[in-house]
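Me: I am new to this one, so please walk me through it. Start with the terms for burial.

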Amino acid sequence: MLRFFSKMRYKFAAENRVGKYLSYAIGEILLVVIGILIALQVNNWNEERKQHVAFKRTLEALRQDLNYNIYLANSDIIDAYNKDSIITMALNNKITRDMYRENPDFRNAINSRYFYPVQDNLSAALSFENHIPNRYMSIVPQLKLLSAQFDRWQDSYSISFETVINYNDWLTDRFSWYSRNDSLAVESNIDYLLNDPVYLNKLSFFRNNYLNNTIWNVTILRSLSAGILAKLEQIEKSEKESDINALFDQLRLKPYNHISDTTGFTTDQQVQFRTGSLIYNATNQTITVFRIIDFRRNYPRTLNPGDFYTPITNGGDLVEVVYENQDSQFYQTVIDGYLLIE
């Protein structure tokens with residue numbers, strides 16, 4: 001084809017037919033440009049396909065990370081519930097000498113655990129933002145929220161860890177029994193726990209730093225991760241195939257309790273520190289969620305289909321779900337809880 005245009009160009013040039021020459025020259029240029037554009041488009045299609053394949057591979061790795069992080073978070077949260085129980089008992093003078101003697105955990109309430117969440121594939125998934133298939137675009141805001149939550153958790157843990165280090169340094173400088181583990185040291189330790197009023201102040205301070213901040217951030221991490229897994233379940237499976245309740249049960253989350261009659265309802269606070277749960281809208285309509293405080297609606301949150309959020313709760317609170325037709329349902333929150341609105 002190009003040789004044909006070349007011969008025609010020479011022929012018209014030789015015959016001094018400039019108009020015809022220019023027309024064929026322009027046609028030849030356009031043909032080349034079109035060929036380049038087609039080649040570029042094909043290359044873009046191939047590159048986009050490669051990006052989509054790479055994203056799906058990263059998404060599968062991210063799904064495994066989220067499950068793993070939830071497993072780790074559950075372990076830390078269970079430990080936090082035990083600490084909360086011990087601290088509550090100590091602050092109310094409910095721990096006896098024998099209880100301190102028989103259970104070392106009672107003597108070591110002020111300490112923090114560090115769980116090691118995996119974040120690499122979350123960062124990798126967000127790096128695909130400009131190449132994510134359209135069906136997955138709705139999870140991008142939640143992935144960004146999760147990334148920001150990791151930073152908040154790390155900041156809160158650093159503060160809690162410093163609190164524990166300072167407390168241990170204070171014990172080391174003040175009490176000779178702290179570095180020993182013989183029976184006399186244990187008894188001296190128990191005397192301190194039972195009689196030193198400063199210890200109770202330090203318990204309260206620790207609860208606020210570790211349980212009410214670090215562990216709260218861990219519960220938010222867990223809820224966000226569970227919400228993203230549920231959203232992926234909805235995106236990738238049909239309504240008949242997806243079973244989000246089974247997914248949440250596998251993650252060791254517990255459903256809110258449905259309340260048919262709120263007459264005389266009283267809040268049954270299950271832990272003494274704030275936690276984050278999960279409310280997920282799996283319906284095809286927009287809903288509004290209220291926290292009920294003193295039988296009044298507070299903190300309204302509008303959820304579009306497929307949206308979710310992580311409300312603060314101590315367990316035992318009351319929430320109301322209002323549908324587009326103004327029908328409503330009431331639920332009592334639980335620790336490790338979720339509400340799937342279907």
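Reply: A residue is called buried under 20% relative accessible area, exposed over 50%, and partly exposed in between (1.4 Å probe, protein chains only). This is a predicted model: local features need pLDDT of at least 70, side-chain atom pairs count only at pLDDT 80 or more, and totals for chains, interfaces and linings use all residues. Residues are numbered from 1 along each chain as its sequence is written, and side-chain values use heavy atoms, with hydrogens and water left out.

Me: What pLDDT does the chain average?

Reply: The average is 88, and 88% of the residues score at least 70. pLDDT is the predictor's confidence in each residue, from 0 to 100.

Me: Where is confidence lowest, and where is it highest?

Reply: Helix H1 (residues 2-14) is lowest with a mean of 51, while strand S4 (residues 278-281) is highest at 97. Helices (H or I, at least four residues) and strands (E, at least two) are DSSP runs, numbered from the N terminus. Where pLDDT is low, the predicted coordinates should not be read in detail.

Me: Next, the open sheet. In what order do its strands come?

Reply: The order is S2-S10-S9-S5-S6, five strands with antiparallel pairing. Strand S2 (257-259) and strand S6 (296-303) are the edges, each pairing on one side only. Two strands count as paired if DSSP finds at least two bridges between them.

Me: How many bridges join S5 to S9?

Reply: Five, between S5 (residues 287-293) and S9 (residues 318-322). One bridge pair there is Phe290 with Glu320 in S9.

Me: Which residue makes a salt bridge with Glu320?

Reply: Arg297 does, at 2.9 Å, N to O. A salt bridge is a side-chain nitrogen of Lys or Arg within 4 Å of a carboxyl oxygen of Asp or Glu. Arg297 sits in strand S6 and Glu320 in strand S9, 23 residues apart.

Me: Is Glu320 buried or exposed?

Reply: Glu320 is buried, at 5% relative accessibility. Its partner Arg297 is partly exposed, at 46%.

Me: How many salt bridges are found in the whole structure?

Reply: The search finds 15. Among them is Glu187 with Arg101, at 2.9 Å, N to O. This pair links distant parts of the chain, helix H7 (residues 183-195) and helix H3 (residues 97-102), with the two positions 86 residues apart. Lys144 and Glu129 form another, their closest N and O atoms being 3.0 Å apart. Lys144 is in helix H6 (residues 140-174) and Glu129 in the loop between helix H5 (120-126) and H6, so the pair ties together parts that are 15 residues apart in sequence. Glu129 is partly exposed, at 31% relative accessibility, and Lys144 is partly exposed too, at 41%.

Me: Now S11. How many of its residues are buried?

Reply: Five of the five residues in strand S11 (residues 337-341) are buried. Gly337, Leu339 and Ile341 are on one side, Tyr338 and Leu340 on the other, and both faces are covered. In a regular strand the side chains alternate between the two faces of the sheet.

Me: In which sense do S4 and S11 pair?

Reply: They pair in the parallel sense, over four bridges. Asn281 stands opposite Ile341 in S11. Strand S1 (residues 254-255) also pairs with S11 in the parallel sense, over two bridges, and Lys254 stands opposite Gly337.
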